[in-house]
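Biologist: Got a minute to go through this model with me? I'd like to start with the aromatics.

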Amino acid sequence: MATALLLISTILIGLMAGLFFAFGISVMPGLAAGDERTYVTAMQSFNKAIDGNALFGMVFVLALLTSAASAVVEFRKGRRAVAIWVGAASVAYLIVLMITFSVDIPLNNELADAGNAAKMTDFSIVDKFKGTWATTNIMRTLLCTAALTALSRALVLYGRATR
């Protein structure tokens, strides 16, 4: 069970890091290069697709649950060095969730509440996305990458400890 938890945690956090990275280097810059109406329409579509996706929801939540459970298991098994690295990954990912729930989701909701982009006249929400949302997405990418790095170190230590 310990091996499975550690591997699943690593995969799930890796998937989240990849999602945030892809948005940061392609989606957001690509949208920023276009007009505001297209920006709103596309972001509303992305958010709707992600919000309604059960697989995304599972990965998003289970990344924290499996990493935290893995840290507890490793600590109880006496593999303290592994537990510290997995715990660090869990904390980094918890910060990602805090950023997501306190900044990104409220902005997503504000964008959804703006309604049909074809009928909009005030596009100030786009500036919030280009500034705040894009910046916090970079923060989430860096934190997930740090968590993935910590889990990678934990895997190495786990391998040494369980030989």
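Modeller: Sure. This is a predicted model. Phe23, Phe46, Phe129 and Trp133 make up one aromatic cluster.

Biologist: How many aromatic pairs are there in the whole structure?

Modeller: Five turn up in a search of the whole structure. One of them is Phe23 with Phe46.

Biologist: What's the geometry of that one?

Modeller: Edge-to-face. The centres are 5.6 Å apart, with 80 degrees between the planes.

Biologist: And where do the two residues sit in the chain?

Modeller: Phe23 is in helix α1, residues 2-32. Phe46 is in helix α2, residues 36-51. They are 23 residues apart, so the pair links distant parts of the chain.

Biologist: Is Phe23 buried or exposed?

Modeller: Phe23 has 11% relative accessibility, so it counts as buried. Phe46 is at 30%, so that one is partly exposed.

Biologist: Which charged residue sits over Trp133?

Modeller: Arg140. Its charged end is 5.3 Å from the centre of the Trp133 ring. Arg80 also lies over a ring face, that of Phe75, at 4.1 Å from the ring centre.

Biologist: Switching to α4. What does it span?

Modeller: Helix α4 covers residues 80-113, 34 residues in total. From first C-alpha to last it reaches 47 Å, close to the 50 Å expected.

Biologist: Where is the kink in α4 centred?

Modeller: On Thr100, and the kink is about 40 degrees.

Biologist: What about Gly115, after the helix?

Modeller: Gly115 follows α4 with a positive phi, near 85 degrees.

Conventions:
Residues are numbered from 1 along each chain as its sequence is written. This is a predicted model: local features need pLDDT of at least 70, side-chain atom pairs count only at pLDDT 80 or more; totals for chains, interfaces and linings use all residues. Side-chain values use heavy atoms; hydrogens and water are left out. Helices (H or I, at least four residues) and strands (E, at least two) are DSSP runs, numbered from the N terminus. The expected span of a helix is 1.5 Å times one less than its number of residues. The bend at a residue is the angle between axes fitted to the seven residues ending there and the seven starting there. Rings of Phe, Tyr and Trp (its six-membered ring) pair if their centres lie within 6.5 Å; planes under 30 degrees apart count as stacked, over 60 as edge-to-face and the rest as tilted. Buried means under 20% relative accessible area, exposed over 50%, partly exposed in between (1.4 Å probe, protein chains only). A charge sits over a ring if NZ of Lys or CZ of Arg is within 6 Å of the ring centre and within 35 degrees of the ring normal.
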